[in-house]
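Visitor: I am new to reading protein structures, and I would like to take a close look at a single helix. Could you walk me through one, step by step?

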Amino acid sequence: MTQVVRAETAVSPLVPVVCKIVKIVLETPDVKTFHVSTPDGQKPFTPMPGQLGMLSILNVGEGMFSITTQGPNHLEFSIKKTGVLTDALHEAEVGQTVTVRGPYGNGFPIDFCKGKDVLFIGGGIGLAPVRSLITYAIQNRSDFGKLQVIYGSRSPADLVFKEDLFENWTSVPEMALDLTVDRGDDEWKGNVGFVPAFIEQLAPSPEGDKVCVLCGPPIMIKFCLQSLAKLGFKNENIITTLEMRMKCGVGKCGRCNIGSCFVCLDGPVFTLAQMQNMPPEY
Amino acid sequence: MKTIAKAKINALLDEIAKKSNVLAPVAGDGASKFAPYTQGAPVSLDGRTLLPPKDIFFPQTEKMYKFTNNSLEGSLESSFEATKPQVLFGIRTCDAKSIHCLDHVFLTKGFVDEFYQTKRDNTLIVSIGCNGPAEPTCFCKSMDVNPQEADNVDVHLYDLGSEYGAVAKSEAGEAFLANYAALFGDADVKIPEVAGFPLNPNLEGVTEKLQKMFDHPLWEEVSRKCLGCGACTYLCPTCHCFDVSARVAGDQGFRFRCWDSCMFSEYTRMAGGHNPRPSKKERVRNRFLHKLQYFPERYGELLCTGCGRCVSKCPVNMDITNIIKQVREVEL
């Protein structure tokens, strides 16, 4: 698995780095992407795709989020409005002081994916962690075989990263992009239906040791796994991320354990083969 | 072996207290615990304290950093302070073992917790052996703990009746004994036999058996009476789960960590409301599996030292030795 890179500026793994929100992108009615840099315009640390960051508004609280991608001088967090901290983030403006610590967790197994065809599956905000690896694969296109992205959301308005979906990712060599929505609207010309049924309809072949990376709501994951099994994907080649409540991010505060694994250290990325050896308590 | 009369312990503590802070077992406020020693104060070195010494290294609440947050602008300042050298005097071997477990958690697996480390590095530990159960609920002997001896300390004292036999267990411990040599004599001593323990849970094969018992109905049954009060986790010398929270007043505030308990439903509840351990069945199961299966899988040791505090103080008599017995009796 990937080597963890630690923030060099941090005194303790629990003390964060002060940063600023430098840009906010409205993705959907309830999802925003926050670009975060240090006050002198630097990236607080350089995560590997799939790693996590603890983001905080100082007087509100801290929360663990996947780092959806990064630029040379910033990190991006795509966040759905769903609680106290995320509400405060959604009300924040550019220039708001935030703090960041990390990166945490193992990240996606890039070396394992290299040289292979990769199928990415996302549902709703679940595309956020997957996007870190899609972006990496596009930036290092020759390291990977054929790419395919299957992505679905509740409605056309709920599709996140529209600039990627409708511009940046449409001209990548040998990368297929298949979108679906649960409910269309007057302008939607694409597929209408749930992601698992769409997978079976598209029937991507597992041949050539293809790897599947998927993230989304638990119910979608459950049915996608059944679809992928029907298509013949190996458990070792199905990769997803798990979520648990976290406080420390460094395997000490206790609460993100699933069996003897800590999601913050040993995850959030797990293969289906690994998950089958863990208690189903997530 | 170096020896010191029990009657001279106060004199020894007075001498140590001239040079550094001393934390010793005192009875007060209805709960015996390790507290700063002041000259001539009565210490109770018989039996183990009700409260474990974990707060010496991992305080119940601990400030991590101060911050200001004024509209868009904010800054923070670490509250980290190096601990001044101190002596922790008179912990029992069960509690010495618990510090060994906490070391695994806070100092290994790629991340060192500086707040814990500074207290560990600057605390000289003097332990005392037990020649038998200090309390009726003691069962350390069954949990890979030698009641009479601890190794991960600086100085260990054997209980020889009217005196203690002292052995240095580290270089710092040798220097300590040399410093206070005037109070110690030299004698050929015989360490007494360890008396029998009434509680003797048999741990043989328990970790392996628990690996097959995640879905067993036993958890529903044993968790029924749990009140979810968390007393077991607060009194446990090895329980180390913590919460991170903030106190804010105006534009000033500080972020701190504080003890948390896996017995509380909020502990694992995520934003959006999903809770992977929604009922006490899952929470009680996680607590016992953490002690007896998960920690051994991760660190190679049990996360229970047999101190018996949870057994004696649980308001509904939840008894880990009884659960171990039931696990052994289950037919799979």
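Guide: Let us take helix H6 of chain A and then follow its surroundings outward. Please keep in mind that this is a predicted model.

Start with the length of the helix. H6(A) runs over residues 218-231, which makes 14 residues. At 1.5 Å a residue, a helix with that many residues should span 20 Å, and the C-alpha atoms at its two ends are indeed 20 Å apart, so expectation and model agree.

Next, ask which residues of H6(A) are buried. They are A:Met220, A:Ile221, A:Cys224, A:Ser227 and A:Leu228. Looking down the axis of H6(A), you find these buried residues within an arc of 125 degrees, so they line one face of the helix. The spacing has a simple background: an α-helix has 3.6 residues a turn, so residues three or four places apart point the same way. Now turn to the other side of H6(A), where A:Pro218, A:Ile219, A:Lys222 and A:Lys230 are exposed.

What do the buried residues of H6(A) pack against? Their partners, in chain A, are strand E8 (118-123), helix H5 (195-202), strand E12 (211-215) and strand E13 (238-241). Just after the helix comes A:Gly232, with a positive phi near 95 degrees.

One residue helps to tie this picture together: A:Cys212. Leaving aside neighbours within four places in sequence, A:Cys212 is in contact with A:Leu228, and also with A:Leu119, A:Ile121, A:Phe233, A:Asn237, A:Ile238 and A:Ile239. Recall that A:Leu228 is one of the buried residues of H6(A). A:Cys212 also has a place in the largest nonpolar core, which holds 162 residues. There, A:Cys212 is among the members that touch the most others, together with A:Val118, A:Ile121, A:Val213 and B:Leu88.

That last name belongs to chain B, which brings us to the contact of the two chains. Chain A gives 38 residues to this contact and chain B gives 41 residues. On the side of chain A that touches chain B, strand E4 (61-66) and strand E7 (97-104) are the elements giving two or more residues. The largest share, three residues, comes from E4(A).

Those two strands also meet in an open sheet of seven strands in chain A, ordered E4-E3-E7-E1-E2-E6-E5 with antiparallel pairing. E4 is one of the edge strands of the sheet, pairing on one side only. Within the sheet, strand E3 (residues 52-57) pairs with E7(A) over four bridges, and A:Ser56 stands opposite A:Thr99 in E7(A).

How values were computed: Residues numbered from 1 in each chain as written. Chains lettered and ligands numbered in written order. Predicted model: local features only at pLDDT ≥ 70, side-chain atom pairs only at ≥ 80, totals over all residues. Contact = placed C-beta atoms within 7 Å. Expected span 1.5 Å × (residues − 1). Buried ≥ 20, exposed ≤ 12 C-beta atoms within 10 Å, placed from the backbone. Arc of directions from axis to C-beta. Core = buried A, V, L, I, M, F, W, Y, C linked by C-beta atoms within 7 Å. Pairing = 2+ DSSP bridges.
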